[in-house]
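User: Could you walk me through this model, one question at a time?

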Amino acid sequence: MRPRPAPVTAARWLLLIVATLPLVSALLGVGLLDELRRAYIAAYGGVRGGDEASGAAIAGVVSGGLILVICAVPALLLGGPRNWVRIVVWVLCTIGVCCLSPGVLGGTSVTSPRILSSGVTSAEITARIADTMPGWYVPVTMVLAAASVLGIVAVAVLLALPASNAYFRRPAPIAPPPQPWPGARPTAPW
């Protein structure tokens with residue numbers, strides 16, 4: 001077994017850390033569920049908004065848990081020199097950057113409004129929710145999203161480094177020593 005190079009070990013741990021960040025963000029939303037329910041009720045003008053808030057919090061935790069599992073399994077499999085795992089991680093990194101990048105701009109969290117037929121624009125709903133939620137919530141979720149995106153990019157780069165390439169490359173087969181021709185006379189060593 002070849003020793004695992006430092007970039008692969010760093011990518012493995014970084015992917016495990018990045019896998020937990022969306023779940024942390026969702027759990028923050030659950031911790032603030034009362035404020036979130038008040039914000040949705042004010043935004044949508046009724047109890048239906050409270051149900052939307054609960055649904056958004058539950059969906060956030062479920063999706064955070066799925067992201068954790070989907071990223072943690074390949075991260076644990078990176079322990080061995082399996083090139084297919086590296087390819088899977090690169091695909092996950094690409095999808096992760098596409099899905100988590102809007103969160104850097106404040107576009108995805110459990111407080112993101114869904115457009116319902118309430119006669120209110122999305123911008124008005126977002127403003128009402130922002131007024132009700134604690135001032136630290138949106139910046140914290142944006143920082144978590146930015147850390148996720150930067151971590152995912154770093155994982156992809158670490159797995160593309162030359163030391164990582166050598167680790168995931170299939171070892172050359174060991175060839176047996178050449179055999180003399182049958183019936184050949186041994187040659188003198190000089």
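Here are some questions about the fold, a helix, the cores and the aromatic pairs.

User: What kind of model is this, and which pattern does the protein chain follow?

Analyst: Happy to start there: this is a predicted model, where local features need pLDDT of at least 70, side-chain atom pairs count only at pLDDT 80 or more, and totals for chains, interfaces and linings use all residues. Residues are numbered from 1 along each chain as its sequence is written, and side-chain values use heavy atoms, with hydrogens and water left out. Helices (H or I, at least four residues) and strands (E, at least two) are DSSP runs numbered from the N terminus. The protein chain has 7 helices and 0 strands, and its pattern along the sequence is α-α-α-α-α-α-α.

User: Why do the buried residues of H2 line one face of the helix?

Analyst: Buried means under 20% relative accessible area, exposed over 50% and partly exposed in between (1.4 Å probe, protein chains only). In H2 the buried residues are Leu-36, Ala-39, Tyr-40, Ala-43 and Tyr-44. Seen down the helix axis, and taking directions from that axis to the C-beta atoms, these residues line one face because they fall within an arc of 110°.

User: Which helix gives the largest share of the largest nonpolar core?

Analyst: A nonpolar core is a set of buried Ala, Val, Leu, Ile, Met, Phe, Trp, Tyr and Cys residues joined through side-chain atoms within 4.5 Å. The largest one has 20 residues, and Leu-15, Leu-78, Val-89, Val-155, Leu-159 and Phe-168 touch the most other members. At least two core residues each come from H1 (6-31), H3 (47-77), H4 (83-104), H6 (137-160) and H7 (162-168). The largest share, 6 residues, is supplied by H1.

User: Which residues does Leu-15 touch, not counting those up to four places away in sequence?

Analyst: Contact here means heavy atoms within 4.5 Å. Leaving out residues up to four places away, the partners of Leu-15 are Cys-71, Ala-75, Val-89 and Val-155.

User: How many aromatic pairs are there, and is Trp-136 buried or partly exposed?

Analyst: Rings of Phe, Tyr and Trp (its six-membered ring) pair if their centres lie within 6.5 Å; planes under 30 degrees apart are stacked, over 60 edge-to-face and the rest tilted. The structure holds 2 aromatic pairs; one is Trp-136 with Tyr-137, edge-to-face at 6.3 Å centre to centre and 70° between the planes. Tyr-167 and Phe-168 also pair edge-to-face, at 5.1 Å and 75°. Tyr-137 is buried at 0% relative accessible area, whereas Trp-136, at 43% relative accessibility, is partly exposed.
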